Amino acid sequence: MSRSYSTGSRGGDRVRADRSGPIVRASGGSEERAVVQRVVNQPLAVAERAIHRASTENVAIYKDGKQIAVSNGSDREVVFTKEEMKLMKGSVLTHNHPQGTSFSRADLQLIKQRKLEEIRAVANYDDMTYSLKPPKDSLLWKTSVAKLASDHEKLRRAVYENAGYLKEYDAREKACVAWYRKNKEWPSPEQVPDRIPSEVHRSAVNDSIEALDIKYKLGYTKTPIQ
Ligand SMILES: [Zn+2]
């Protein structure tokens with residue numbers, strides 16, 4: 001999730017759900033649906049290779065090594081059903097980040113709120129696999145989502161400030177939130193202009209998760225995609 005995740009029904013059509021296989025939902029055009037089909041019933045490593053260059057987000061969830069759900073979203077957000085949310089506890093959730101960044105605040109919130117065992121993201125920018133697998137004694141489990149979000153925000157703002165883009169960042173965040181409230185989806189850079197260079201956005205995301213890993217012991221790793 002690069003911007004947000006939420007629960008609701010606008011997550012695409014349920015295309016398959018037999019008792020033995022994963023829950024599968026797909027939205028978008030034929031290209032997006034084809035990516036989903038390449039993931040269904042595949043082991044984690046195959047699924048990650050199938051999604052890492054996709055231009056919209058795809059999600060695959062595994063429990064005890066078995067694939068339990070596959071779905072997709074836009075390039076900025078993913079919507080899960082209540083059923084999927086329930087299944088997530090103790091699972092390994094992998095997805096791709098079309099913007100090529102490490103974990104977002106939404107990812108941190110998801111692992112904490114749904115008690116995931118591990119969250120993974122594959123990035124199309126540097127062909128890296130990112131993983132957060134917080135140990136039992138990680139401070140993440142003892143910290144509120146609100147505190148995590150505010151720590152994360154402080155770290156992000158520090159990166160924008162150092163790069164000389166804090167004013168633009170704050171103004172754009174405000175405009176994006178206003179857009180989201182009105183349209184119920186996050187705007188594209190065309191809908192709310194973005195003058196901040198993509199490398200500044202990338203370092204805001206990547207540096208803040210590294211700093212949070214040191215503070216909270218998140219079990220963060222970054223390895224080349226297999
Ligand atoms: Zn994400």
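## A walk through the predicted chain

Begin with the whole chain in view: for its 226 residues a compact globule would have a radius of gyration near 17 Å, and the chain has 17 Å, which agrees. That radius is taken over C-alpha atoms, and the globule rule is 2.2 Å times the number of residues to the power 0.38. What you have open is a predicted model, in which local features need pLDDT of at least 70 and side-chain atom pairs count only at pLDDT 80 or more, while totals for chains, interfaces and linings use all residues. Residues are numbered from 1 along each chain as its sequence is written.

Still with everything selected, turn the C-alpha trace, which spans about 50 × 40 × 30 Å along its principal axes. The chain holds 7 helices and 10 strands, where helices (H or I, at least four residues) and strands (E, at least two) are DSSP runs numbered from the N terminus. Of the 226 residues, 36% count as buried, a word used here for a residue with 20 or more other C-beta atoms, placed from the backbone, within 10 Å of its own; 12 or fewer make a residue exposed, and those in between are partly exposed.

**Stop 1: the two domains.** Colour 4–135 + 218–224 as domain 1 and 145–216 as domain 2, bounds that come from an automatic or database domain assignment. Their C-alpha centres lie 22 Å apart, and the contact between them takes 15 residues from domain 1 and 14 residues from domain 2. Two residues are in contact if their C-beta atoms, placed from the backbone, lie within 7 Å.

Which helix gives the largest share of the side of domain 1 that touches domain 2? Select residues 105–113, which are helix 4, and you have the source of that largest share, 5 residues. Within helix 4, Arg105, Asp107, Leu108, Leu110 and Ile111 are buried, and just after this helix Lys115 takes a positive phi of about 55°.

**Stop 2: strand 5 and its partners.** Now select residues 66–72, which are strand 5; 5 of the 7 residues are buried, so this strand is largely enclosed by the rest of the structure. Add strand 3 (residues 23–26), which pairs with strand 5 in the parallel sense over 2 bridges, with Val24 having Val70 as its bridge partner. Strands count as paired if DSSP finds at least two bridges between them.

Next add strand 4 (residues 58–63), which pairs with strand 5 in the antiparallel sense over 6 bridges. Here Val59 stands opposite Ser71, and the bridge partner of Tyr62 is Gln67. The two strands form a hairpin with 2 residues between them, and in the turn Asp64 has a positive phi of about 50°.

Strand 4 is itself mostly covered, with 5 of its 6 residues buried. Bring in strand 7 (residues 92–97), which runs antiparallel to strand 4 and is joined to it by 4 bridges; Val59 stands opposite His95 in this strand.

**Stop 3: helix 1.** Finally, select residues 30–39, the span of helix 1, where Val35, Val36 and Val39 are buried. Looking down the helix axis, you will find that its buried residues fall within an arc of 100°, so they line one face of the helix; the arc is that of the directions from the helix axis to the C-beta atoms. These buried residues pack against strand 3, helix 2 (44–51), strand 4 and strand 5. Just after helix 1, Asn41 takes a positive phi of about 65°.
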